[in-house]
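Work through the exercises below with the model open beside you. Try each task before you read the solution that follows it.

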Amino acid sequence: MKKRNPEKESIVSWIIMGTGALLAVIGALITNGYKVNLLVWSGLFVIIVGILYHLAMVRCPFCGHSLAGYRPLPKTCPKCDKKFED
């Protein structure tokens, strides 16, 4: 199993969520009135996928401890105290 850097995985998840937010905003701007169109729904779906990706992938590469709630991301794992590689 390949060891993943949690900082890079966090950046990828934020890019996914930002893309979903952009889709939802564009969908909201092009609609007439207060209607919800397909672009808004797809944007919300992409945001949810980004959140799930963040929860699943932002983990310690050694012990698997979730780092999703830490801001900023620590340089070492709070559970096993191993330093993350760059």
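The accessible areas used here come from the Shrake-Rupley method with a 1.4 Å probe. With that in mind, note that the model is a predicted one, and that the protein chain exposes about 6200 Å², of which carbon and sulfur atoms supply 67%.

**Exercise 1. The chain as a whole**

Describe the helices and strands of the protein chain, and then compare its radius of gyration with that of a compact globule of 86 residues.

Solution. Begin with the secondary structure, where the protein chain has 2 helices and 0 strands. Next, take the radius of gyration, which is 17 Å for the protein chain, whereas a compact globule of 86 residues would have one near 12 Å. Then look at the spans of the C-alpha trace along its principal axes, which are about 55 × 25 × 20 Å. Finally, consider burial and contacts: buried residues make up 26% of the 86 residues, and among contacts between residues at least 6 apart in sequence, 41% join residues at least 24 apart.

**Exercise 2. Two positions compared**

Decide for Glu9 and for Asn32 whether each counts as buried or exposed, and place each of them along the chain.

Solution. Start with Glu9, which has its place in helix 1. Its relative accessibility is 9%, and because buried means under 20%, Glu9 counts as buried. The side chain of Glu9 is joined to that of Tyr53 by a polar contact of 2.4 Å. If neighbours within four places in sequence are left aside, Glu9 is in contact with Arg4, Tyr53, Met57 and Val58.

Now turn to Asn32, which lies in the loop between helix 1 (6–30) and helix 2 (38–57). Its relative accessibility is 63%, and because exposed means over 50%, Asn32 counts as exposed. Measuring from C-alpha to C-alpha, Asn32 and Ile51 are 29 Å apart in space, although 19 residues separate them in sequence.

**Exercise 3. Cysteines without a bond**

How many disulfides does the model contain, and why is Cys77 not bonded to the closest cysteine sulfur?

Solution. The cut-off comes first: a disulfide is a pair of cysteine sulfur atoms within 2.5 Å. By this rule the count is 0 disulfides. Cys63 is in no disulfide, and the nearest cysteine sulfur, that of Cys77, is 3.6 Å away. For Cys77, the closest cysteine sulfur is in Cys60, and because the distance of 3.6 Å is too far for a bond, the two are not joined. As a last step, compare the surroundings: Cys63 is partly exposed, with a relative accessible area of 37%, whereas Cys77 counts as buried at 0% relative accessibility.

Methods: Residues are numbered from 1 along each chain as its sequence is written. This is a predicted model: local features need pLDDT of at least 70, side-chain atom pairs count only at pLDDT 80 or more; totals for chains, interfaces and linings use all residues. Side-chain values use heavy atoms; hydrogens and water are left out. Buried means under 20% relative accessible area, exposed over 50%, partly exposed in between (1.4 Å probe, protein chains only). Helices (H or I, at least four residues) and strands (E, at least two) are DSSP runs, numbered from the N terminus. A polar contact is a pair of N or O atoms within 3.5 Å; within protein, one must be able to donate a hydrogen and the other to accept it, and residues adjacent in sequence count only if both atoms are side-chain atoms. Contact means heavy atoms within 4.5 Å. The radius of gyration is taken over C-alpha atoms; the globule rule is 2.2 Å times the number of residues to the power 0.38.
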